[in-house]
Amino acid sequence: MGTNSKSSHESYAIAPASAPETVEGGEGVGLAAAPTEPELSDGLVKATTDLMVAMDNLDALAIGNGVATGNYPELPDDPVERYDIFADQIKAAREAIEQMKEEGASEEEVKVQLDALRAQSLAYLNTLDPEELQQIAAAKGFEHPALVGLSGKGQHPLVHWLDPYYNDDIPSKQKIQAAAQKRYEQLAAGQTVGGMTLADLQQIEGTSGAPDAPAGTWAATPDQFKAAVDTWTQASHEAAYAKGVLDSDKLKNLLDAEKQVLTAHSPDTPDLETTKNQIQVWTGDPLAVAKINQSTVMPLVQDALASGEMSLTEAQHLKPVELVGLLRTGTPEAEKEALKATAQARKDQLKALDNALDVHQGGKQDIHTELTLPDLAGSPEAAAQVASWAKSTGELHTLQQDAQGWIHETLQSPVDIGFANPALLNTHQVDPKALTTEFNAWAKNQKVGDLRAVAGELGMPDPGKANRAQLQGYIAASFNPALDKDAINAKVQATVAKKQAAAAAKAASPLASDEAVNALKSKLASSTGTTSAPPAGPAGAGGLTQESKVEAAIKMGASPVQAQQLAQAATAGPKKPIPKAPKKPAAPGSFNGKVQALIAGLQQVKATAQDVPARIDSDVVGSWSFGAGTPANLGGTYSKTLHSAPDGSSWLFKADHNGGVIAHSEAAASHALSLGGVPAVPVYVKEVGGKVGSVQPMLKGASHFASDPHKWSQSDVDSIVRSHVGSWIVGDHDGHQANVLRTASGGLVQIDRGQAFKHWGSDKLSLGYAPSGGGSYDPVHQKLYSAALSGGLADGVKVNHAVVQPVIKSFEAIPDSQWRSMLHSTAYEGAKAGSGVHWVPAMRKQAAKKHGIAAAKVSTEQIAEAFLDHAVERKQNLRKSFAEFFVKDLKMPQAASLKHGAE
């Protein structure tokens, strides 16, 4: 490095043949005029002369640049040799200045000469281009000089490192070498630096590369690959057991180690891809338990921004954990694209917030001003204006709530975001409850007909049949999530249906007794014969037409909807027989055995679908009268009663001692499971005998499921695994042996979902998790997995992760908005004060974190919305959750493909 180089070179006599005899009036470039003194000692004269010679030589180097100049001989073409001459002259000049100081030169004069020498040295080095600087630095011992000065801006770092005016061991020179070494390590780990890859550097340096390694990889011997895995093991261990917030260096080490393993090209390493797949999955383990915040990812994000690997939009709008996902090599490209889309969506969300605020302020400037909506009777455009205000206010509230879920966790300061986006300031926050009160006060002074116009603008299907309260509620539901438009519409339609039924009853004969209604059902059924569908015209021999059955039911006092149900039930044909499996099963694992297992599985799915009653509209069940019931001795915590439905079928009623909260949960769970294709007995919220609870049809011919896993068939196991997906998504961990039934045709169905959602926010998808207790209360799926791992299943029977794929796809296909709407009542009923629901504390905690407030200040609405947010998140992560469960807990690495949509 610099003047301490060990390289030898010839001595070039580049000074003039004769040195000047005096320094008086000397005008050499770079030599400052010395102050006039009465007398100069011989030593001072010699030192000054030596300095002049060295400075003249430096001028010749700068001007000649390798070409003969004046009386000076030709300089060498080699930049390294020329640098050596330059360094020698700098050294000679420094020695001359030191001698001048010893001979009595003033401090001022010494300083002037040193400054001139420093400027001369810097001027020469700045005439060299980057390639020459790199060549010289490499010759002087600098490692990987091509890795500094990549920006091309300002003075090249090697100018300072090569400057012989400064000593070689100063910290500033050492830092330049350290920066190059760090960047080389990044390249060796498979990263790019300034757009340069390791192969690019090897080409620049002329070192041996890896011509057989594909682009984006590095060639590794088996020993090198093992060393990379060992490095990953150490890094993952340090990240997993880090105390407090994860240090950014530990995170970087883990991500670099993962990349080093995943980008290795090592054809001679056995099980290379298997190891890579394991590392890719296992890297998520320490990241899942580590505490990662803004300080953890900030240095890595800054590096990614500098290298162009991350956009500013992504850096500003993603949470720390999401940024880690974007930085990881092991994150699938589809997930990275989704994260990038999330960042852009949040940026767009902030813009949409301000647009919605503009419309909202047309009716309410801020929380301190009164609501000033236009008089609906005063202008024909007023209805559309109010509808637009209500819709935009709802959008504003939704966007504000959604933004609260991420603005406090990004690298941007929430204060900065708030000032840039006024809609996020507290003074513009929408308070749905208070705003509904203000709106209702305004609406009382408007005509019902005008309110119907507003509701119509907002999409109410039949505003002409709604009363004032329903109209106000429907409009306010646009910005108040505690109000449900579907429920309001249902009440409007129920009122209409009741009026129609009353009119029909008045025109017909008096209402018949329950016995007469059941007799009608029997008569309708007996007249149908074996007809499989209601005839369009005259009935067959001895039967009634569809129209006559409906008419007969209405005459006996049934509502039109109820009459249709009775008529359809009566004309439904007999169940088709389920094909039987071969009596002599083939050997497990054989081709015939696999075919028979497939047939058996299809048979069981069909059997279950045939035996479990189909779900019907809840309004229809709501209109039924069940009358007095009889005790049902079916076990369980609470008493149950059996009732006859209007069609004669047997239904079970369970009173809800929590005021309807459990009933709403079980009903919502059964509805959700049916949408996902998981067999579930339909459950409905119903008031019977003055008590609120749930009703559900009884399964005919059902029996308890065998408790010995060794007796379970492959189709039984597949059914349990599919059912487990449904149990997890609704948070039901109570699927023990007594709650699984064998249907009459051989299918399987889990009943009693009353504990659905109970442990949301605190439960986990893992082997052995059974909050309801162990032993006989272990969920059946837990018994299955334990038996599978211990060899307790029958020969040839195994857990097949692929069977969950269609179930997961069905749940994924449900829009988030529909998912939230379906669980709306469950969320808001459970969040009410005093409900005693188990999941409330966990959701309160999540809401507090989301809104950045104390748990005691969290509102009922915020708890309910946290529940719905968790519901959507659980559905969105369903595939990832089960892929990790199969891989980690059940030791099935092949199930990792499930995460990417493969079976």
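Reader: Hi! To get me oriented, how many helices and strands are there in the chain?

Author: Happy to help! This is a predicted model, and its chain has 35 helices along with 10 strands.

Reader: Thanks. What percentage of the residues in the chain is buried?

Author: Of the 903 residues, 44% are buried.

Reader: And the exposed area, what share of it do carbon and sulfur atoms supply?

Author: Carbon and sulfur account for 53% of the roughly 44,500 Å² that the chain exposes.

Reader: Good to know. Switching to cavities: how many of 30 Å³ or more does the structure hold?

Author: There are 3 of them. The largest has a volume of about 80 Å³. Its lining is made of 13 residues, and those closest to the centre are His724, His733, Leu765, His781 and Gln782.

Reader: Nice. Which helices each supply at least two residues of that lining?

Author: Those are helix H28, spanning 714–729, and helix H29, spanning 780–790.

Reader: How do the lining residues of the largest cavity divide by class?

Author: That lining has 6 polar, 5 nonpolar and 2 charged residues.

Reader: What about the second largest cavity, what volume does it have?

Author: About 60 Å³. Its lining includes Glu666, Ser670, Gln696, Asp752 and Arg753. By class, the lining comprises 5 nonpolar, 3 polar and 3 charged residues.

Reader: Which helix gives the largest share of that lining?

Author: Helix H27, residues 661–675, with 3 residues.

Reader: Last one, on contacts: of those between residues at least 6 apart in sequence, what percentage join residues at least 24 apart?

Author: For this chain, that comes to 69%.

Technical notes
Residues numbered from 1 in each chain as written. Predicted model: local features only at pLDDT ≥ 70, side-chain atom pairs only at ≥ 80, totals over all residues. Heavy atoms only, no water. 1 Å grid on protein atoms, 1.4 Å probe; cavity = no way out; pocket = protein on both sides within 12 Å on 5 of 7 lines; lining within 4 Å. Points joined across faces, edges and corners; volume = space filled by probe spheres on them. Helix = DSSP H or I, 4+ residues; strand = E, 2+ residues; numbered from the N terminus. Nonpolar A, V, L, I, M, F, W, Y, C, P; charged D, E, K, R; others polar. Buried < 20%, exposed > 50% of the residue type's maximum accessible area, 1.4 Å probe, protein only. Contact = heavy atoms within 4.5 Å. Areas by Shrake-Rupley, 256 points an atom, 1.4 Å probe, with all protein chains shown as cover.
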